[in-house]
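This briefing covers strand pairing, helix packing and the contact between chains. The sequence and structure are shown first.

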2 protein chains.
Amino acid sequence: MRYELYYWPSIQGRCEFVRLALEDAGADYVDIARGPKGMAAMMRLMESRSVNNPPFAPPFLKAGKLVIAQTANILLYLGPRLGLVPQSEAARLWAHQLQLTIADWVSEAHDTHHPMGGSLYYEDQKREAKRRAADFTAERIPKFFDYFEGVLQRSSKRSGYLLGKQFSYVDLSLFQMIEGLRYAFPRTMKKLEKKYPRALALRDRVAARPRLARYVDSPRRISFNQEGIFRYYPELER
Amino acid sequence: MRYELYYWPSIQGRCEFVRLALEDAGADYVDIARGPKGMAAMMRLMESRSVNNPPFAPPFLKAGKLVIAQTANILLYLGPRLGLVPQSEAARLWAHQLQLTIADWVSEAHDTHHPMGGSLYYEDQKREAKRRAADFTAERIPKFFDYFEGVLQRSSKRSGYLLGKQFSYVDLSLFQMIEGLRYAFPRTMKKLEKKYPRALALRDRVAARPRLARYVDSPRRISFNQEGIFRYYPELER
């Protein structure tokens, strides 16, 4: 089956967590909104009265007749189909729990540049952004890293993936999180990375996966930019 | 099986979405941290090196040997076991997608009083809270209600629950969301409610469910208060 993926065409955003899974698995998919008339198709699908299960927002995935939204939910669906999660219910719930924790981390990363809400420009909330980013870099980034490093420590005897022996989509998501934080908060990450050797080793291991590496170097990978979730505003690190 | 639920003992918080499901289903559970030495037991479990799948934060549920965290993930697990979601994978994914959308709404409600981060007191971010709350009440509450009203409109021929014919844990969660918003933003809700007759009718239908109604009137239901996610600060509505 060819999956249809729908998302804003100019950013990685939350959709990138889904793209990495599809790409690493070598799945057959089309990034609809990046193709001709794709944005119109996406808006039509979102507003259609004939879709019984409408998404609140992109990204969403069309898989046959199913339309599935919410990034972590899409990965919950794709994980077993792409061989990116073990079969047992316990392992799938644990993977999903980790993914939802990453989703919380992503939201907090977004809020550093939009703490007053998404309907205002960054320029109109710069002072608040500085305050929020100070808390994020000093308290929240270390708290999340401590947690994931702890998970990796427990699983290290079982080979160093987040779930233990078996590689999963959550490893891809932690890779993406680290890439995003490096882009948005390079000074903070430079200071912090040495404290989290297991997370960084996992990041490198993911980066070396052949299909993943080919994707990251390809034009299919949209570059980080100032419209996405991870944005580089030097003033937010001072 | 007796479920063990772990959460901060003095607030409804995110855990309330899980409690409503357990209570409405008449499930056998213990709210561990509200019992004797319960907080110590919760902290011990969170910090234990012998728990392979540690939670990042409460709430979490112990179900036999499983420890499951993240509110929506707990409901994903409990839903079929409590008869609060249809059996098909498509219906479960749809229910979970709606639950994750409510989770986003809950986070935004929380951020109205803590837009600068959870490590600062409300009093130290009051000005920012006013600005964030203005956006939340003017833009975000209507946007989420428009969405859920639209979902109910599509499903109304199929009886008016969010999933159509079958009552589910997502109906309980929308009930809780409305109760929380009424507590935190009474003036806003008074103005808005008439625009969303289907959502409000669903709220009333849930409130009339016998087990749910008994729970809400019992001492097991912690009252809304100024420590939880939904807080009533009159200055945030001006």
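In chain B, Glu4(B) stands opposite Val30(B), a residue of S2(B). The pairing behind this is parallel, with 3 bridges between strand S1 (residues 3-6) of chain B and strand S2 (residues 29-31) of chain B. Between these two strands the chain passes through helix H1 (residues 15-24) of chain B, giving a β-α-β crossover that is right-handed. The model is predicted.

**Sheet of chain B**

- The open sheet of chain B has 4 strands in the order S2-S1-S3-S4, and its pairing is mixed.
- S2 and strand S4 (66-69) of chain B are the edge strands, each pairing on one side only.
- From one strand to the next, the twist averages 20°.
- S1(B) also pairs with strand S3 (residues 60-63) of chain B, in the antiparallel sense and through 3 bridges.
- Within that pairing, Tyr6(B) has Phe60(B) of S3(B) as its bridge partner.
- S3(B) is joined to S4(B) by 4 bridges, again in an antiparallel pairing.
- Phe60(B) has Ala69(B) as its bridge partner in S4(B), so Phe60(B) is bridged to Tyr6(B) in S1(B) as well as to a residue of S4(B).

**Helices on the sheet of chain B**

- H1(B), the helix of the crossover, lies across S1 and S2 of chain B and runs at about 155° to S1(B).
- Helix H3 (residues 71-81) of chain B lies across S1, S3 and S4 of chain B.
- The direction of H3(B) makes an angle of about 125° with S4(B).

**Sheet of chain A**

- Chain A has an open sheet of 4 strands with mixed pairing, in the order S2-S1-S3-S4.
- Strand S2 (29-31) and strand S4 (66-69) of chain A each have a single partner strand, so one side of each edge strand is left without a neighbour in the sheet.
- On average, neighbouring strands of the chain A sheet are turned by 20° against each other, direction ignored.
- Strand S3 (residues 60-63) of chain A pairs with S4(A) in the antiparallel sense, with 4 bridges between them.
- One of the bridges of this pairing links Ala63(A) to Leu66(A) in S4(A).
- Helix H3 (residues 71-81) of chain A packs on the sheet and touches strand S1 (3-6), S3 and S4 of chain A.
- H3(A) runs at about 125° to the direction of S4(A).

**Helix packing in chain A**

- Helix H5 (residues 126-155) of chain A packs against helix H8 (residues 197-207) of chain A, with the axes 8 Å apart and at an angle of about 75°.
- Angles of 65 to 115 degrees count as roughly perpendicular, and H5(A) and H8(A) are therefore roughly perpendicular to each other.
- H5(A) contributes Phe145(A), Glu149(A), Leu152(A) and Gln153(A) to the contact, while H8(A) contributes Pro197(A), Arg198(A), Ala199(A) and Leu202(A).
- By class, the residues of this contact between H5(A) and H8(A) are 5 nonpolar, 1 polar and 2 charged.

**Interface between chains A and B**

- The contact between the chains involves 50 residues of chain B and 50 residues of chain A.
- About 4,400 Å² is buried between chain B and chain A, and carbon and sulfur atoms give 50% of this area.
- On the chain B side, Phe56(B), Arg131(B) and Arg154(B) supply 19% of the area that chain B buries against chain A, more than any other three residues.

Note on methods
Residues numbered from 1 in each chain as written. Chains lettered and ligands numbered in written order. Predicted model: local features only at pLDDT ≥ 70, side-chain atom pairs only at ≥ 80, totals over all residues. Heavy atoms only, no water. Pairing = 2+ DSSP bridges. Right-handed = clockwise from strand over helix to strand, strands pointing away. Axes fitted to C-alpha atoms, helices over the stretch in contact; angles between N-to-C directions. Parallel < 35°, antiparallel > 145°, perpendicular 65-115°, else oblique. Contact = heavy atoms within 4.5 Å. Nonpolar A, V, L, I, M, F, W, Y, C, P; charged D, E, K, R; others polar. Buried area = accessible area lost by both parts, 1.4 Å probe.
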